[in-house]
Number of protein chains: 2
Amino acid sequence: MVTASTHPPVCVLGLGLIGGSLLRAVVRQGRRAFGYNRSEAGVAAARDDGFDADTDLAAVLARAADSDALIVIAVPVTTLDDLLPVIAATAPDCLLTDVVSVKGPVADAVARLHPTARYIGGHPMAGTSQSGWAATDPDLFNDAMWMVTTEDDTDPDDWRAVAELALDCGAQVVPAANDAHDRAVAAISHLPHLTANATAAVGAGESALALRLAAGSFRDGTRVAGTAPALQQAMLEANQIALLNTLSETIDRLVAARDALRDTGSVAVIVDDGHRARLAYEQVASAPAPAIADVDPGAPGWAQELRRQAHLGHTWQR
Amino acid sequence: MVTASTHPPVCVLGLGLIGGSLLRAVVRQGRRAFGYNRSEAGVAAARDDGFDADTDLAAVLARAADSDALIVIAVPVTTLDDLLPVIAATAPDCLLTDVVSVKGPVADAVARLHPTARYIGGHPMAGTSQSGWAATDPDLFNDAMWMVTTEDDTDPDDWRAVAELALDCGAQVVPAANDAHDRAVAAISHLPHLTANATAAVGAGESALALRLAAGSFRDGTRVAGTAPALQQAMLEANQIALLNTLSETIDRLVAARDALRDTGSVAVIVDDGHRARLAYEQVASAPAPAIADVDPGAPGWAQELRRQAHLGHTWQR
């Protein structure tokens, strides 16, 4: 049994909402942890709250190398090309994970810029429309789902270490292959951003009267349009192909609904399909996830079996 | 100054979420009130909670006529054709209002089936995805916006009486013409139902893994797809023309976003437009609405002036 004191330290690169909350969560759990942030303001805010943070990337990575830390990349996907060569040069042997949403492009960047990396991707399904250190919260990941890359060639010890990090943050682990993950988040995270943005724009374009009358359906349906545009763009554009597919399906459904409403006066199909889907989601979300059982990472076929159980909705739990 | 004891009694027809909550709210305010509901179960539930309710429509309307009650129609728009002739026959002189979302079709039905009615339309912007008496809540309308029909030929005394009802429920009154209201709610209420349903269907169609990974953006963005399909259909289909317009604009925006994402890899336009719109909404929603000032219903041009101030985002308040 690994205990907090024998866990490797955690080095968090990027102290925004996700990275900063992660730093808070693992420190509360008793793990040693330190962080890097590009902006002086972010570092000052973290230090004011008692955390170990620095703007000197090379120095932070040298510490990570010295202490064999688990490095967590928590910067926007658009800045990976600058960051990865520094990691490869300064802390090449450290286990590396990330919390950067879309997994395919991160894995590609790591393969290109740090090909010898011990890299296991990750993606905590948590967030708010706020950003920056001021929005960080050690409870952000409580009971959240945290995808951890689980491919046939994944190293089982490294997988365990990254899964342990997610569990230390209070999350449950969802093992998945990168491409399956990216298709899934296109459907349940990136598409909802596009529909929220379109709905907000149409609503606000109508009149001041419309915004005054706006109530729960508009408030909740457009909430994620409040996320900083640069963050939305980076996340959505990194998942171009999968998002194009789900967006096209959405357009097809809305066009069919428009034609039916125009020609027959009915919205029965879209409402029935949507309602049934929402009930299916509520059923999944309302009950505790069953725990993945009888899998020992490293045993023959372990990765495949983890993915199989995850596809049934089970999670890796503490 | 009209006080609770001099207000006319309130007769609520339909004790679902909106009608039942209205009954609870006005009774708490000290007004006499009684209700009709078609189902025995709804009436029994209301009576168990100490309210005056009955399944005998003719008897309830006879009481309304005897006590010169303000009648509130709170049934689905699809049942108006059965209800209005009974009102016209049994309580023809009572002031009549409704809480039935889309205003054009209700006004048309009243003109057709109860042409001598003293009718002033209304629409409280409140609701949840729940329905039925069990979901009723006297606080449902607190600080909600409550549209009251304000046309050039609206009777000012009747207008005041319906506005008073909204204020008694804790709401603020938004004076508007029926067609402007119907366009506005197509944009900020009915369209969000369609996008929520489409988003839910696409998300749930991907895989069980996707629903397991679904977090805040999917949860909030699909919430109203949980509303009972019959209620959604009745509300959306009654606003066919205005909804077709906003739906077409939404499709155009999503198609443009798809083309841009495919051809240039960018979602900048839809994200920037949506984010700006969401900020505009948050600004409207976060500050108290200014009170409509210096309008005396009945004075020359009063209805026009109420609408003018409402279009600036001001409301009629107690």
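**Note on the chain A–chain B interface and the domains of chain A**

1. The area buried between chain B and chain A is about 8200 Å², with carbon and sulfur atoms giving 71% of that area; buried area is the accessible area (1.4 Å probe) that two parts lose on being put together, summed over both. The model is predicted: local features need pLDDT of at least 70 and side-chain atom pairs count only at pLDDT 80 or more, whereas totals for chains, interfaces and linings use all residues. Residues are numbered from 1 along each chain as its sequence is written, chains are lettered from A in the order in which they are written, and side-chain values use heavy atoms, with hydrogens and water left out.

2. Chain B is superposed on chain A by a rotation of 180 degrees with 0.0 Å of shift along the axis (RMSD 0.0 Å), the fit being by least squares on the C-alpha atoms of residues with pLDDT of at least 70 in both copies. That is the relation of a two-fold axis. In chain B, the C-alpha of B:Gly221 is the one nearest the axis, 2.2 Å from it.

3. In this pairing, 90 residues of chain B are in contact with 90 residues of chain A, contact meaning heavy atoms within 4.5 Å. The copies meet through the same surface, because 100% of the interface residues of chain B are also interface residues in chain A.

4. Two salt bridges are found across the interface of chain B and chain A (a side-chain nitrogen of Lys or Arg within 4 Å of a carboxyl oxygen of Asp or Glu). A:Arg223 forms a salt bridge with B:Asp220, and their closest N and O atoms are 2.5 Å apart. There are also 27 residue pairs in polar contact, both residues being at pLDDT 80 or more; a polar contact is a pair of N or O atoms within 3.5 Å, where, within protein, one must be able to donate a hydrogen and the other to accept it, and residues adjacent in sequence count only if both atoms are side-chain atoms.

5. On the side of chain B that touches chain A, helix α7 (residues 178-206) of chain B supplies the largest share, 21 residues; helices are DSSP runs (H or I, at least four residues), numbered from the N terminus.

6. Within chain A, the assignment gives domain 1 (9-176 + 289-311) and domain 2 (182-286), bounds that come from an automatic or database domain assignment. Their C-alpha centres lie 29 Å apart. These two domains of chain A bury about 880 Å² between them, 66% of it on carbon and sulfur atoms.

Definitions and conventions:
Helices (H or I, at least four residues) and strands (E, at least two) are DSSP runs, numbered from the N terminus.
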